[in-house]
Amino acid sequence: MHHTPLRRALIAGAALAALAALPGCGGEPKDHANEAIGTKPAAVQPAPPKTKTMKKPVQGLPGMPAVLDPTDVYAADRPNRLSPVVKDFPSRVYVPNTNDNTVSVIDPKTYEVIETIPVGAQPQHVVPSWDMKTLWVNNDKGNTLTPIDPKTGKAGRTVEVHDPYNLYFTPNGKYAIVMASLDRELVFRDAHTMKRVKTEPVSCYGVNHADFSMDGRYFIVSCEFSGELLKVDTEKMKVIGRQKLPFDGAMPQDVKISPDGKKFYIADMMANGMWVLDGDKFTTPTLLPTGKGCHGLYVSRDSREMYISNRGEGTISIFDFTQNRLTKKWHLPDGGSPDMGGVSADGKVLWLSGRYDAEVYAIDTRTGVQLARIPVGDGPHGLAVYPQPGRYSLGHTGVFR
């Protein structure tokens with residue numbers, strides 16, 4: 001991320017404060033029709049094999065849409081499975097340019113910028129709302145959110161929200177969660193009006209990214225500037241766990257849950273890899289090296305792989321969930337600084353911003369070949385590919401379930 005003089009000063013102060021940081025703190029099931037035995041004597045019938053379909057339904061956060069598949073949190077994100085809410089929206093890539101205070105709008109069919117939208121100061125991410133009807137531009141230094149109507153591509157009236165570095169939504173759609181990085185707060189707001197409901201102060205520095213458990217009852221937050229992780233109770237809106245990452249100078253970034261809901265992956269741009277965490281137990285995670293400047297994490301449309309952007313070396317690592325290992329690494333021709341982004345609705349293209357190169361990369365997810373390198377404004381960051389499959393949005397650049 002790009003650091004202003006003010007932010008650099010605060011980072012320096014945070015580093016000193018981190019020395020005194022506390023130690024770590026501790027749906028619906030698939031069809032069960034095939035389980036019917038019939039009327040034959042029980043002794044004749046073997047016990048039905050234990051299969052994925054027999055897994056108990058997930059008892060989700062009250063008000064949260066039922067989990068479609070207890071074995072795959074991304075079951076609603078299959079190629080082109082667009083919600084009726086978004087199916088008629090034009091396909092676009094929205095790129096916030098932090099140093100230009102604009103959003104570049106790319107037509108993915110032509111790989112060309114078709115519009116530049118003026119927004120507030122230092123836009124960091126473009127975030128789809130929980131109901132998927134609005135795109136919120138997080139103007140961090142401007143202390144505002146700019147709404148964009150994805151049907152028309154037009155910006156609406158800004159809403160005053162202090163220090164909106166990043167934005168998430170609770171899985172039941174009740175609250176927006178502002179990652180107030182410099183304020184050192186998680187601010188729960190009404191998901192529609194953005195009126196402040198509760199402020200949860202945090203003791204770490206640089207609350208940054210997050211993802212939710214399969215049942216939505218808690219979420220894991222990365223603290224970039226003090227190298228820490230938080231565990232937060234969603235319903236109570238309260239931090240219930242905190243731990244320091246076991247790496248000197250750690251700078252955790254993006255957070256993503258595994259399809260089966262058993263692990264969280266946390267990108268770390270200084271440890272040059274991603275941490276693998278048991279979210280339920282919240283024990284010390286292990287580090288899987290991926291590449292220099294590990295930054296963004298994006299799951300494929302079939303839930304089999306995860307694309308990992310290594311910003312410091314211009315590469316994308318591929319992690320196979322089933323094999324539990326890295327299988328490939330794609331190198332951008334002429335290098336680059338791949339950062340945040342998303343996957344196209346059909347799953348065929350990975351879109352990433354080039355943070356320090358004023359460009360956006362389109363990459364073929366089958367071959368790793370660069371399809372386009374598109375000039376945009378200065379400091380492109382959390383771009384959103386829209387629309388995408390899914391029933392509702394958890395925020396960031398598009399985390400759908």
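The following exchange goes through the folded chain, its disulfide and its nonpolar core.

This is a predicted model in which local features need pLDDT of at least 70 and side-chain atom pairs count only at pLDDT 80 or more, while totals for chains, interfaces and linings use all residues. Residues are numbered from 1 along each chain as its sequence is written, and side-chain values use heavy atoms, with hydrogens and water left out.

Colleague: How many strands are there in the protein chain?
Modeller: Helices (H or I, at least four residues) and strands (E, at least two) are DSSP runs, numbered from the N terminus. Counted in this way, the protein chain has one helix, and its strands number 29.

Colleague: Which residue does the disulfide join to Cys204?
Modeller: A disulfide is taken as a pair of cysteine sulfur atoms within 2.5 Å, and by this rule the count comes to one. Cys204 lies in the loop between strand E12 (196-201) and strand E13 (207-212) and its partner in strand E14, so the pair ties together parts that are 19 residues apart in sequence. With S to S at 2.0 Å, the partner of Cys204 is Cys223.

Colleague: Which strand gives the most to the largest nonpolar core?
Modeller: A nonpolar core is a set of buried (under 20% relative accessible area, 1.4 Å probe, protein chains only) Ala, Val, Leu, Ile, Met, Phe, Trp, Tyr and Cys residues joined through side-chain atoms within 4.5 Å. The largest has 51 residues, and those with the most contacts inside it include Leu186 and Phe219. With five residues from the stretch 218-223, the strand that gives the most to this core is E14.

How values were computed. Buried means under 20% relative accessible area, exposed over 50%, partly exposed in between (1.4 Å probe, protein chains only).
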